[in-house]
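Colleague: I have a few questions about this one before I look closer. Can you put it up?
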Number of protein chains: 2
Amino acid sequence: MSKYEMIYSAILKQIEDGQLKEGDKIPSETELMKEFDASRGTVRKAVDLLQERGFVQKIHGKGMFVLRKKNIEFHLGGIVSFKEVYEGLNGDIVTTVVEMKQVAARRPLTKLLNIKGNAKVDLIKRVRNIEGENVILDINYFVSEIVPGLTKEIAESSIYEYIEKTLGLHISYAHRVIEAQPCTEEDRKYLDLNGTDHVIVVKNFTHLYDGRQFEYTESRHRLDKFYFSDVARR
Amino acid sequence: MSKYEMIYSAILKQIEDGQLKEGDKIPSETELMKEFDASRGTVRKAVDLLQERGFVQKIHGKGMFVLRKKNIEFHLGGIVSFKEVYEGLNGDIVTTVVEMKQVAARRPLTKLLNIKGNAKVDLIKRVRNIEGENVILDINYFVSEIVPGLTKEIAESSIYEYIEKTLGLHISYAHRVIEAQPCTEEDRKYLDLNGTDHVIVVKNFTHLYDGRQFEYTESRHRLDKFYFSDVARR
DNA sequence: CTGAATTTGTGCGTATGTATC
DNA sequence: AGATACATACGCACAAATTCA
């Protein structure tokens with residue numbers, strides 16, 4: 001881990017552990033330089049990261065203050081977001097693979113994944129059951145050439161861990177779209193819809209560090225279980 | 001404008017004008033140093049900003065490449081997001097103030113705005129009409145002590161411009177929450193709901209540079225007109 | 001395959017500007 | 001007015017990833 005990441009983590013830990021509470025002033029940059037035996041540039045890189053991610057707020061001439069303790073979580077891979085994740089989930093999340101096969105890409109998919117026709121794609125459909133109700137249907141498409149060797153076991157645990165740890169690929173960014181759609185036959189088949197006739201769809205176009213797109217995913221959430229939270233700056 | 005902002009804008013303009021197209025390699029940091037007569041740190045600050053905002057992707061040892069031309073727009077103030085904004089909106093957006101009054105804060109509101117009871121609050125309800133349909137109901141609450149002098153005229157044009165330009169306040173960040181809710185009586189009264197029984201609610205907790213919260217807003221969107229897009233990194 | 005050149009990543013030091021108290 | 005704290009900018013050195021002769 002680099003030095004600025006160490007400083008970032010150390011300060012973040014103090015916030016999470018409650019040694020630094022909301023509204024507290026964080027030591028000045030010169031003090032942090034001494035504390036961590038680092039240059040000002042390095043300290044600034046660390047605290048800029050803290051600010052970007054919404055933990056602190058720097059004020060010119062005054063100092064730097066703690067905004068919030070808990071991370072505004074987003075999940076680049078896997079489950080995107082739902083209420084229980086934020087509310088400290090009491091019950092369990094059970095993931096079931098309901099369909100899994102390799103297909104040759106056809107028209108809508110070739111565009112969504114930015115690949116040529118007939119390129120091999122791994123299709124995975126998973127249902128997320130929370131506290132006894134099926135509330136999320138995840139439909140993943142992975143480019144087989146980039147992500148080979150997917151199995152049912154991997155799909156049931158963590159595909160992202162497999163991609164990063166086992167395959168050694170570096171995931172970089174995802175373009176996300178959130179919108180509502182009328183329920184499909186498939187939604188009705190797999191989800192406990194509770195009388196609702198729309199779902200919230202989170203689309204993910206996920207890319208590697210080198211820019212290649214390796215995934216397109218639709219997370220279809222039951223309306224009343226959907227929740228999204230973030231911090232926008234400037 | 002600072003030097004790194006100049007460099008940021010200059011490169012962004014080249015991307016928007018099409019001189020740098022998607023996939024193109026951007027000149028190396030040393031070349032940009034010469035081009036803009038700047039130090040490496042300044043150039044890096046500019047291109048790091050471009051990367052954060054999703055325009056380019058830097059790859060260690062290779063270079064820096066254009067990802068996309070169009071900004072993934074978010075709107076910190078005012079209208080949060082809806083389909084037509086992204087699709088280049090053909091028709092007009094008409095904003096109508098349907099209610100406006102000053103009230104003394106009561107229980108749910110004191111918590112949402114983080115203020116004391118009986119503190120004065122300006123309540124504004126506005127309907128957004130797009131292509132002949134009322135599809136968004138915005139309910140804004142402003143802390144009167146921080147944002148004084150709001151009028152119907154300001155509410156009909158741009159409240160944020162008034163806050164920043166006229167009052168000279170610096171807006172810094174907003175905590176956003178997106179979720180679905182069943183329609184209220186008010187939704188039914190003001191919106192053309194088209195048979196849907198839920199709305200998508202975007203909640204905004206907006207703060208000044210000094211950390212004070214000055215606004216709480218609910219944007220209530222008709223399901224089929226809602227659209228949200230962003231880029232998540234790492 | 002090796003090594004050099006290029007390019008981005010990290011870290012240090014210094015100076016000066018600007019806002020707050 | 002002076003002290004403090006963050007903001008911008010410059011320069012240098014070395015590390016790590018990639019490319020290519």
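Modeller: A definition before we start: a salt bridge here is a side-chain nitrogen of Lys or Arg within 4 Å of a carboxyl oxygen of Asp or Glu. Also, this is a predicted model.

Colleague: Fine. How many salt bridges does that rule find across the interface of chain B and chain A?

Modeller: The rule finds 2 salt bridges across that interface. One of them joins Arg176(B) to Asp230(A), where the closest N and O atoms are 2.8 Å apart.

Colleague: And how many residue pairs are in polar contact across the interface of chain B and chain A?

Modeller: There are 14 such residue pairs, with both residues at pLDDT 80 or more. On the side of chain B that touches chain A, the elements giving two or more residues are S2, strand S7 (171-182), S8 and strand S10 (227-233) of chain B. S7(B) gives the most, with 9 residues. By class, that side has 18 nonpolar, 7 polar and 13 charged residues.

Colleague: What area is buried between chain B and chain A?

Modeller: The buried area is about 3700 Å², and carbon and sulfur atoms give 50% of it. In chain B, the residues that lose the most area to chain A are Tyr173(B), Tyr209(B) and Arg234(B), together 17% of what that side buries. The contact takes 39 residues from chain A and 38 residues from chain B.

Colleague: Switching to the DNA. Which residues come nearest to DNA strand C?

Modeller: There are 23 residues around DNA strand C, and the nearest are Lys3(A), Thr42(A), His60(A), Lys62(A) and Arg40(B). Of the atoms of strand C that come within 4 Å of the protein, sugar and phosphate account for 66%.

Colleague: Any distances? Which atoms of Lys3(A) and Lys62(A) are involved?

Modeller: For Lys3(A), a polar backbone atom is 2.3 Å from a phosphate oxygen of DNA strand C. For Lys62(A), a polar side-chain atom lies 3.1 Å from a phosphate oxygen of that strand.

Colleague: Which residue has a polar side-chain atom by a base oxygen of DNA strand C?

Modeller: His60(B) has a polar side-chain atom 2.9 Å from a base oxygen of DNA strand C.

Colleague: Which elements supply the surface near DNA strand C?

Modeller: Both chains supply some. At least two residues each come from helix H1 (3-16) and helix H3 (40-52) of chain A, and from helix H3 (40-52), strand S2 (56-59) and strand S3 (63-66) of chain B. H3(A) has the largest share, 3 residues. The surface divides into 4 nonpolar, 9 polar and 10 charged residues.

Colleague: Now the other strand. Which residues come nearest to DNA strand D?

Modeller: Of the 23 residues around DNA strand D, the nearest are Glu29(A), Arg40(A), Lys3(B), Ser39(B) and Thr42(B). Sugar and phosphate account for 71% of the strand D atoms that come within 4 Å of the protein.

Colleague: What does the side chain of Arg40(A) reach on DNA strand D?

Modeller: An N or O atom in the side chain of Arg40(A) is 2.8 Å from a base nitrogen of DNA strand D. Two lysines have a polar side-chain atom by a phosphate oxygen of strand D: Lys58(A) at 3.0 Å and Lys62(B) at 3.5 Å. The elements giving two or more residues to the surface near strand D are H3, strand S2 (56-59) and strand S3 (63-66) of chain A, together with helix H1 (3-16) and H3 of chain B.

Colleague: Which element gives the largest share there?

Modeller: H3(B) does, with 3 residues of the surface near DNA strand D. By class, that surface has 4 nonpolar, 9 polar and 10 charged residues.

Colleague: Away from the DNA, what is the phi of Asn194(A)?

Modeller: Phi of Asn194(A) is near 60 degrees, a positive value in a residue other than glycine. Asn194(A) is in the loop between helix H8 (185-190) and strand S8 (198-208) of chain A.

Colleague: Why does Asn194(A) count as exposed?

Modeller: Because its relative accessibility is 57%, and exposed means over 50%. In chain B, Asn194(B) also has a positive phi, of about 60 degrees.

Colleague: Last one: is Glu145(B) buried or exposed?

Modeller: Glu145(B) is exposed, with a relative accessible area of 74%. Glu145(B) lies in the loop between strand S6 (133-143) and helix H6 (152-156) of chain B.

Methods. Residues numbered from 1 in each chain as written. Chains lettered and ligands numbered in written order. Predicted model: local features only at pLDDT ≥ 70, side-chain atom pairs only at ≥ 80, totals over all residues. Heavy atoms only, no water. Near = heavy atom within 4 Å. Polar contact = N/O pair within 3.5 Å; in protein donor to acceptor, adjacent residues only side chain to side chain. Helix = DSSP H or I, 4+ residues; strand = E, 2+ residues; numbered from the N terminus. Nonpolar A, V, L, I, M, F, W, Y, C, P; charged D, E, K, R; others polar. Buried < 20%, exposed > 50% of the residue type's maximum accessible area, 1.4 Å probe, protein only. Contact = heavy atoms within 4.5 Å. Buried area = accessible area lost by both parts, 1.4 Å probe.
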